[in-house]
Amino acid sequence: MATPTTGPRQWHRFSVSERIMRSAFYLMALIAIVWSIRSIEIIPEFLYDAPQQTVDLFARMWPIDWAWYPKVVHAALLETLHTATLGTILAVIVASLVALMVARNITRSTLLNGIGHFILVATRSVHAMVWALFFVAVFGPGALAGTLAIAVHSIGFTGKFLSEAIEEAKPGPIEALTAAGASPLAILLKGYWPQVKPAFLAIAAFRWDINVRESAVLGLVGGGGLGMALDTAMSNLYWDQAGLVLLVIFVIVIAVEIVTAWIRGRII
Amino acid sequence: MDAAAGNSSATDRVSDRSLHIRNLRKEYRAGEPVLRDVSLTLDGRGLTAIIGPSGTGKSTLVRCINRLVEPTAGEIHFRGQDLVRLSGRELRLARRRIGMIFQEYNLVERLSVIENVLCGRLGYVPVWRAWLRKFTPTDIERAFELLDAVGLGGFATQRADQLSGGQRQRVGIARALMQEPDLLLADEPTSSLDPKTSVEIMELIARRADASDIPAIVNIHNVELARRYADRIIGMSKGEIVFDGPPDKLEDSHLLAIYGGEGWLE
Amino acid sequence: MSDVPLPARTRRDAFPPNWPARIGLALLALYVVYASTILDVTWARFLTGLEQGSRFLARMFPPNMAADKLALLYSGMSESLQIAIIATAIGVLLSLPLGLAAARNLAPPPLAWASRALIVAFRTFHPVIVAILFVKAVGFGALAGMLALVVASLGFLSKLVAEAVEEMSMKPVEAVRATGASFLAVVIMAVLPQVMARFIGFSAYQLDSNLRNSALVGLVGGGGIGATLFTAFQRFDYDFVLTIVLAIIAVVMVGEVVSGFMRRLFQ
């Protein structure tokens, strides 16, 4: 009556191949991290000193120079807001066109898809500030450079999300319209647009939110707005003025977040 | 009385599994008690069913026992401790001796069936075992055995969200039994199930509890199921106990007192 | 079925003009004109700029591949990579506890509010501004850049973790608590499985983002390729600028492949 026992049953969370892959990944991540830590030039004394220095810096910002606000900062704030808004609008227009080029259900040509894709990757890999450097060299310092930098950089993200939204559109209404003999423009307007609209508005609002943040710093390289005010203050070591600009940035970012959340609630 | 966490359950099993509830009171809003000074003694054997209309405090009563709901006042004595007074580590040690089955199964949907069952050991194993999912072979074998016992033999590696309601509840039962509990609590275990599956689940709970000699307290609103499977029925109405006795003593007049209204009685 | 034709007067328009949308669009167009004027964004300037720009692009091609420049590129990019990797690793590790501490359904209210306030503080400022502050505080170099990116990563990841935890179902949490599991075990077995898939996606995105931003923080003194880029601009080495930009794009693209891989592996 002795039945051969096979021992207690086993259970493993991951299959052998999964375990190998995961271990390989962890190993590579570990190597990358160790290499980074060993190669990076961090002077330990500076690291220990860091908290003290940070506190010191903030102490120098207080009390804040409120008088500077009406003189310089208010105009800079408006300039930043306009840069962000105008830049977003331009980006959305161009990005829509590129998105149409990339979306596989609208453009069949792989070549055009590829070109569109490259445009999107290139524009978003290069940060707005780098674009700003370029546009400042071309157009001179000021809001024009800043606006174009924002616009070009935003094309990447906006286009990517828009193309995904377009690709997720249900084919049903499109088929119906095509069968009814609608022109391509009509299909776009009445077939795709209603489906894409909520995502479109959400992406535009989200991007505007981020662009306000970005616009505020473009001035550091000459793109106008609050960044330039900050740069001026810091070059002169007027920390109380710098503190003012930082505070204004803080307030405006929070305000824009609230507005975006409201827009999302009402319109989408 | 309890050895440190991580010891096997054999060293802290106690033969006396009786439960004494004294003057248990719960007010979710001040002045409106859901449980009005309920007192009850269960002698640690058999299946006790609590019946009564919704909102009458049955679920609150059951959940006060393992402190998922905090009592406003009262005492609950189990295995020599007042459960109401416990906190922190002692509470955890007490909870691992009490298994619970939930109305909506409360499984971790993204985990596999066997991982859900092994959750029953979390009160006994060190955290690193949970993190790495390296449970002992004994635990794993026991999990498989429990899955066989509840009729889910081949389902160990399936994701919990791929199972039907009845199957999920079986996993819930296996998880509770995995704790090797001294007491089994069930909060409306069949309310989300169809009639046939409800019978199967009650059958399973009754049989497994009997097989391991674990007292069970089942909160249920199906009177027929209560009559069929319970050794003792407790009827509650408006936060108080209005009936307490074996199923054959449960008369229509009692049901009227518990549920009120005429129309639903045959 | 009646075929009495309806009098034209009472026939309703099937597609009434969408007045709110039309007004909105009109306002938008007006705004564009207004803002352009304020910012001095005129067509004339744009055209002059285009001419300038094309001269620029001519100077950028072909990208400079000289050996000494490539060496500069390599050391700069390596430093940026190191900054990005360490910052992401620290950010990922710390964002889980911080995000959990900020979740109102798990953490006690004072802790939750304090954590949320901290996260908001981290998120509000652009990594570049944070980098400037750190440069002033700890000096030029990779440390400042890395700290800035850690702050940015924490701000982003912790917020998303907190949101994911607040949206999850509490039922499995209740059940696992009832088994006598410690808080950590409850988190591991009931919270993380619900949140992990999204967390991996966020982490992959954050790695991506840090790779992009690491090139940036150098612009303000935080080490890495940004400094090299800035110098190249100032020296009018535009062909080298192109090399650097192409290198950045290439690294970001590789980073996207890696994070896509990571996502598929762990989800």
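**Exercise 1. Describe the crossing of α7(A) and α8(A) in this predicted model, giving its handedness, geometry and residues.**

*Solution.* Step 1: the handedness. In this predicted model, α7(A) and α8(A) cross in a right-handed sense.

Step 2: the geometry. Helix α7 covers residues 171-179 of chain A and helix α8 covers residues 184-218 of chain A; their axes come within 9 Å and cross at roughly 145°.

Step 3: the residues. From α7(A), Pro173(A), Ile174(A), Leu177(A) and Thr178(A) take part, and they meet Ala186(A), Ile187(A), Lys190(A) and Gly191(A) in α8(A).

Step 4: the classes. This contact of α7(A) with α8(A) comprises five nonpolar, two polar and one charged residues.

**Exercise 2. Determine how α5(C) and α6(C) are oriented to each other, and which residues make their contact.**

*Solution.* Step 1: the distance and angle. The axes of α5(C) and α6(C) come within 8 Å, and the crossing angle is roughly 140°.

Step 2: the category. Angles over 145 degrees would count as roughly antiparallel, and those from 65 to 115 as roughly perpendicular. The angle between α5(C) and α6(C) falls in neither range, so the two helices are oblique to each other.

Step 3: the handedness. α5(C) and α6(C) form a right-handed crossing.

Step 4: the residues. α5(C) contributes Pro127(C), Val130(C), Ala131(C), Phe134(C), Val135(C) and Val138(C), while α6(C) contributes Leu143(C), Ala144(C), Gly145(C), Leu147(C), Ala148(C), Leu149(C), Val151(C) and Ala152(C). The contact of α5(C) with α6(C) has 13 nonpolar residues, one polar and no charged.

**Exercise 3. Describe where chain C meets chain A, and analyse the packing of α3(A) and α1(C).**

*Solution.* Step 1: the extent. The contact involves 45 residues of chain C and 49 residues of chain A.

Step 2: the elements. On the side of chain C that touches chain A, the elements giving two or more residues include α1 (19-38), α3 (67-101), α8 (183-217) and α10 (238-266) of chain C.

Step 3: the classes. That side of chain C has 30 nonpolar, ten polar and five charged residues.

Step 4: one helix pair. α3(A) and α1(C) have axes 10 Å apart and pack at an angle of about 130°. This angle lies outside the parallel, antiparallel and perpendicular ranges, so α3(A) and α1(C) are oblique to each other. Their crossing is left-handed.

Step 5: the residues of the pair. His82(A), Thr85(A), Leu86(A) and Ile89(A) of α3(A) make the contact with Leu28(C), Val32(C), Ala35(C), Ser36(C) and Ile38(C) of α1(C). By class, six are nonpolar, three polar and none charged.

**Exercise 4. State how chain B meets chain C, and how chains B and C are divided into domains.**

*Solution.* Step 1: the contact between the chains. Chain B gives 22 residues and chain C gives 17 residues. On the side of chain B, α2 (88-95) and α4 (127-132) each supply at least two residues. This side of chain B consists of twelve nonpolar, five polar and five charged residues.

Step 2: the domains of chain B. Domain 1 (18-97 + 211-260) and domain 2 (99-180) make up the division of chain B, and their C-alpha centres lie 26 Å apart. Four residues from domain 1 of chain B and four residues from domain 2 of chain B form their contact. The domain 1 side of this contact in chain B has no nonpolar, one polar and three charged residues.

Step 3: the domains of chain C. Chain C is split into domain 1 (17-45) and domain 2 (65-266). Taken over C-alpha atoms, the centres of these two domains of chain C are separated by 37 Å.

**Exercise 5. Locate two backbone features in loops of chain A, at Pro63(A) and Leu237(A).**

*Solution.* Step 1: the peptide bond. Trp62(A) and Pro63(A) are joined by a cis peptide bond, with omega about 0°. Pro63(A) is in the loop between α2 and α3 (68-102) of chain A.

Step 2: the phi angle. Leu237(A), a residue other than glycine, has a positive phi near 60°. Leu237(A) belongs to the loop between α9 (226-235) and α10 (239-267) of chain A.

**Exercise 6. Assess the confidence of the prediction in chains A and B.**

*Solution.* Step 1: chain A. The average pLDDT of chain A is 84, and 97% of its residues score at least 70. Among the elements of chain A, helix α2 (residues 44-60) has the lowest mean pLDDT, 78, and helix α6 (residues 143-167) the highest, 89.

Step 2: chain B. Chain B has a mean pLDDT of 89, with 92% of its residues at 70 or more. Residues 1-11 of chain B have pLDDT below 50, and beyond near neighbours in sequence this stretch has 13 contacts in the model.

Step 3: the reading. Predicted coordinates should not be read in detail where pLDDT is low.

Definitions and conventions. Residues are numbered from 1 along each chain as its sequence is written. Chains are lettered from A and ligands numbered from 1 in the order in which they are written. This is a predicted model: local features need pLDDT of at least 70, side-chain atom pairs count only at pLDDT 80 or more; totals for chains, interfaces and linings use all residues. Two residues are in contact if their C-beta atoms, placed from the backbone, lie within 7 Å. Helices (H or I, at least four residues) and strands (E, at least two) are DSSP runs, numbered from the N terminus. Ala, Val, Leu, Ile, Met, Phe, Trp, Tyr, Cys and Pro count as nonpolar, Asp, Glu, Lys and Arg as charged, and the others, Gly among them, as polar. pLDDT is the predictor's confidence in each residue, from 0 to 100. Axes are lines fitted to C-alpha atoms, for helices over the stretch in contact, and angles run from 0 to 180 degrees between N-to-C directions. Angles under 35 degrees count as roughly parallel, over 145 as roughly antiparallel, 65 to 115 as roughly perpendicular and the rest as oblique. A crossing is left-handed if the near helix is turned anticlockwise from the far one by less than a right angle, and right-handed if clockwise. Domain bounds come from an automatic or database domain assignment.
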